[in-house]
Amino acid sequence: MITFTIDGQTVQAEEGETILDVARREGIHIPTLCYHPAVEPYGACRMCTVEVERRGWTKLEASCTMPARDGLIVRTNTPDVYRFRQSLMGVFLSRCPNVPLIQELAAEYGVTEPPYPTATPEEKCILCGLCVRVCHDVVGAKALNFSSRGVDRLVGPPFLESAHECIACGACSIVCPTGAIEIALEDEAIYKEKPIGPTSAIHVPSLQAVPRIPVIDTNACIRFRQNDLTDGEIADACGVCQTMCEAGAIDFDQQDELVQLKVGAIVVATGFAMWDPKELPDLGYGRSPNIMTGLEFERLTGAAGPTAGQILTAEGKVPKKVAIIHCVGSRDERAHAYCSRFCCMYSLKQAHQVKDKTGAEVYSIYMDMRTFGKDYEEFYRRIRGEGIQFIQGRPSQVTVDPVTGKIFVEVEDILLGQVMELDIDMMVLATAIEPPPDAARIASTFGLGRTPDGWFAEAHPKLKPVETASAGVFLAGCAQGPRDVPDTVAHAGAAALEAVRLFNRGEVTISPTVAIVDAVKCVGCGECIMTCPYHAIDHGAEGKAVVNAVLCQGCGTCAATCPAGAITALHFTDEEIVAQIDGLLDLVV
Amino acid sequence: MSEPFEPKVVAFLCNWCSYAGADNAGIARMPSPPNILPIRVMCSGRVSPEMVLRAFRSGADGVLVLGCHIGDCHYISGNHRTAKRIPLLRNLLGYVGINPDRLRLDWVSSAEAPKFAKVTQEFVETVRALGPMARDSATEETGG
Amino acid sequence: MIKDIRAHVAEKLKELDGVVALRRTTEGTAPYLFQEGDDLSQLVLEPRYPLASVISLLQKRYPEARFGIVARGCDTRALVEMAKREQVDADRLYLLGVACTAEEAEECHCAEPAPDVSMWPEAEVIGTPVPGAPPNPIVAEYENMSLEERQAFWQQQFLKCIKCYGCRDICPECFCESCALEDPLWVERGTLAPAFPMFHLIRAMHMASRCVACRQCELVCPAHIPLTVLYDLIRRDVGDLLGYVPGADIAASPPLSLTLEDAPVQVELD
């Protein structure tokens, strides 16, 4: 243990710690520009300079690179130190006079004007080397480095050309203190948007996630990407999250675990996916960062979102005119013929939010207003009274001005019988919902049918909304079809109750039209087992087929398959059917 | 005086789709020929080659099998097996000199009453043009 | 080649509980379970007999035993379809494949006279594989016949049937213990010739994904009915419509029992 003092306070240090490490731990402030806890200290900026007295000698040292030693006396804010930092800021401000961080820090030391001539007023890079260190040590891509010397020194990829080692992870951009590095997408329109999705590879999916713990998106995570890209050569890039996690809860080696459960009931609550509006390009989704889906708008306006709930365009401005388009991809023969049911209500809510938060002109462009539920019509009336312009009609051509970014949309107001052209700053598309992309696989796994629109099939459209064709498998929520939150709660409650009902009874009533096997005739060939859509038949004693009468739904396909006639469909036996055939043909003379 | 030939057509109808479609056709007063002799099964998958052949043997001039559309089977995939069995059986009939058009497989949902009427009308006319089945059976004369 | 086979069998008998092959004695030739110590000079390859049925019975009777079988191409294919239907346990079987000669292939119009043992856990082939022979020309002739001509053809042929059930008995894939052809519901009793088209088409449909073209049914028929015509055609249909060749792949499940996703049918579906 090393003991020394900082500003008169006695502190302890481990072997290898620097003065800055200790100061930060003790909560003693020392300004830095080129320091970051995730990379080795570099000592480039010298802002962390402190006065160090040892054996009677006093020197100015960079605290980030000076190891702690027994008996040191450190002073972080003497007049010498202050003057030193002042002159440093003069240099920085002269190099980068228009960088807000430098301006603020310089102002702290009383430097408001650059004392020296400025070579490049737009310069943002302070040559702190954080991007280089991150790229080398944390990411392992080594795509950036310093080049040239003296006044020509700069940071960039080799020969300042696009480097294929760069994996576009954005670490350099995040770690850069002055915002000198921007991420730009090649071949795409200018996309300087605020992020609508998660802002880091490790993130909590949403505040309502269950369980509410972070997950790592292995497609974005630097560690996993580097491992894939280099075929395992760089297997431990970054890992900053693991280093920072105090609970030690991050395990990169986690593997999928296959768990076998024996259950009596299954509730399928697999929800929905959003339809991709890029499939119908006329509404311009993807041509402007200010054209977004209803779900993306929810993120924008949510208090936990990227703007803390302020409704701002991608340029950071408050929009003056906003259009909300209903039925995008719904009720549309080119996309989904069905109505997605809950979008009218949320679109009205969003219209209200825009009006309330920004006072902008709001256009609500709809086909029919579907506000069918309890108090929904009253809600619609209220919103109508808020000065929002309701236009019944369909939008067509959307154009985006490449210079101003303004969005122009043509819409026919069928009530007025006029075609209007609206120029707007922001457009929200209430996009359709659809079954998730793996719905076919889910259906086949659980023996579910699907209705023509792709949602899972309920046992009866009127009378059995939560049961399915497979006994013991129930549907909850949007898996069965579009519905909003109150309806989902009711539906899911019904599904839960049906499942519980199975357990509470001591016995189960089943239909008598089940299949049974005559074990004497059966030779165990297994073709009936392969045929049964419900996997209700299995090999039993001596390999002969045995039907689980509770799973059997009585279709009789097995009976038609068995060449030996060893399996019978009760109440639809061969004898009964032949009797009908003979009877009918005898009657008709 | 010999009467004009009236074909006898046995129709296997699945409970959930085609049988309901037939019911709906009746309710909507859409005409279906009386030559159709319906037999209800729970699923078109229940229809075995044996019972189709038995229908012919017992005196049917034509056999119609109607099930749910593929993907809509009430029992998920019962009709998949029908979709394979009937085409094979049709070919076999052709190989022994029985006109395969005497056996038809089609898909009629409960909502398709007009299709039921149309398919049954069409099929009865097809069989009428083919004439009585006895003409096609090779061993009729032996009394076998 | 026969010496080769006998030597192989002798060697294998040291580790197997028995090998099924044909044995010729003064009383005739019949399937036999050769065991260690038996006189292998009695082991013969003719006449052709579907030994696959024999091995199935033996395996069921002795569930722990490990047997071998001397199998031609047709036997091997038959074993494949039987294995898929739990009638033969491939893991307890040593397969000594015998390649038929060109003359034998010609006689049977056989398309695959050499056994394909690649999918058997323990197997080898003796003899030089020869290429397949062209199909029986009668099939092509038959296909060109009109419906009326076909009717007349069968009127001539099926009238000869005496319902001996020979075709059913000899077929390796007919292993049902209760046969639909003996069910009075489908095939009337006490009449000859058997009811048309019940008897023949029921058997053909049941054999649809099982017939491996071993030709035993035709060879054994005392009335010389050319069953090949019917069975070659249905085998071809199963190949064209369902993409399935019985006997070709032990891992392929019988398509008629599977969904359309797992085994599609090449026909216009509305």
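**A walk through the sheet, a loop and the chain contacts**

In this predicted model, a good place to begin is A:Ile6, which lies opposite A:Gln9 of strand E2(A). That pair belongs to a wider match: strand E1 (residues 2–6) of chain A and E2(A) run antiparallel and are joined by five bridges.

Now step back to see where these strands sit. They belong to an open sheet of five strands in chain A, ordered E2-E1-E5-E3-E4, and the pairing in this sheet is mixed. Which strands stand at the edges? They are E2 (9–13) and E4 (57–62) of chain A; each has a single partner strand, so one side of each is left without a neighbour in the sheet. On average, neighbouring strands of this sheet are turned by 30° against each other, with direction ignored. A helix joins the picture here: H2 (residues 79–95) of chain A packs on the sheet, where it touches strands E3 (49–54) and E4 of chain A. The direction of H2 makes about 145° with that of E3(A).

The rest of chain A offers plenty to explore, with 15 helices and 25 strands. Chain A has 589 residues, of which 34% count as buried. If you take the contacts in chain A between residues at least 6 apart in sequence, 60% of them join residues at least 24 apart.

For a stop further along the chain, look for A:Gln310, in the loop between helix H8 (294–301) and strand E13 (321–328) of chain A. Why does A:Gln310 count as partly exposed? It has 14 C-beta neighbours inside 10 Å, and a residue is called partly exposed because its count falls between the 12 or fewer of an exposed residue and the 20 or more of a buried one. The C-alpha atom of A:Gln310 is 7.2 Å from that of A:Leu300, ten residues apart along the chain.

Finally, let us see how the chains meet. Chain A gives 17 residues to its contact with chain C, which gives 16. On the chain A side, helices H13 (527–531) and H15 (574–587) are the elements that give two or more residues. This side divides into seven nonpolar, six polar and four charged residues.

Chain C also touches chain B, in a contact that takes 38 residues from chain C and 31 from chain B. Here the elements of chain C that give two or more residues are helices H6 (147–158), H8 (198–206) and H10 (227–242). The residues on this side of chain C comprise 29 nonpolar, six polar and three charged.

Definitions and conventions: Residues are numbered from 1 along each chain as its sequence is written. Chains are lettered from A and ligands numbered from 1 in the order in which they are written. This is a predicted model: local features need pLDDT of at least 70, side-chain atom pairs count only at pLDDT 80 or more; totals for chains, interfaces and linings use all residues. Two strands pair if DSSP finds at least two bridges between them. Helices (H or I, at least four residues) and strands (E, at least two) are DSSP runs, numbered from the N terminus. Axes are lines fitted to C-alpha atoms, for helices over the stretch in contact, and angles run from 0 to 180 degrees between N-to-C directions. Two residues are in contact if their C-beta atoms, placed from the backbone, lie within 7 Å. Ala, Val, Leu, Ile, Met, Phe, Trp, Tyr, Cys and Pro count as nonpolar, Asp, Glu, Lys and Arg as charged, and the others, Gly among them, as polar.
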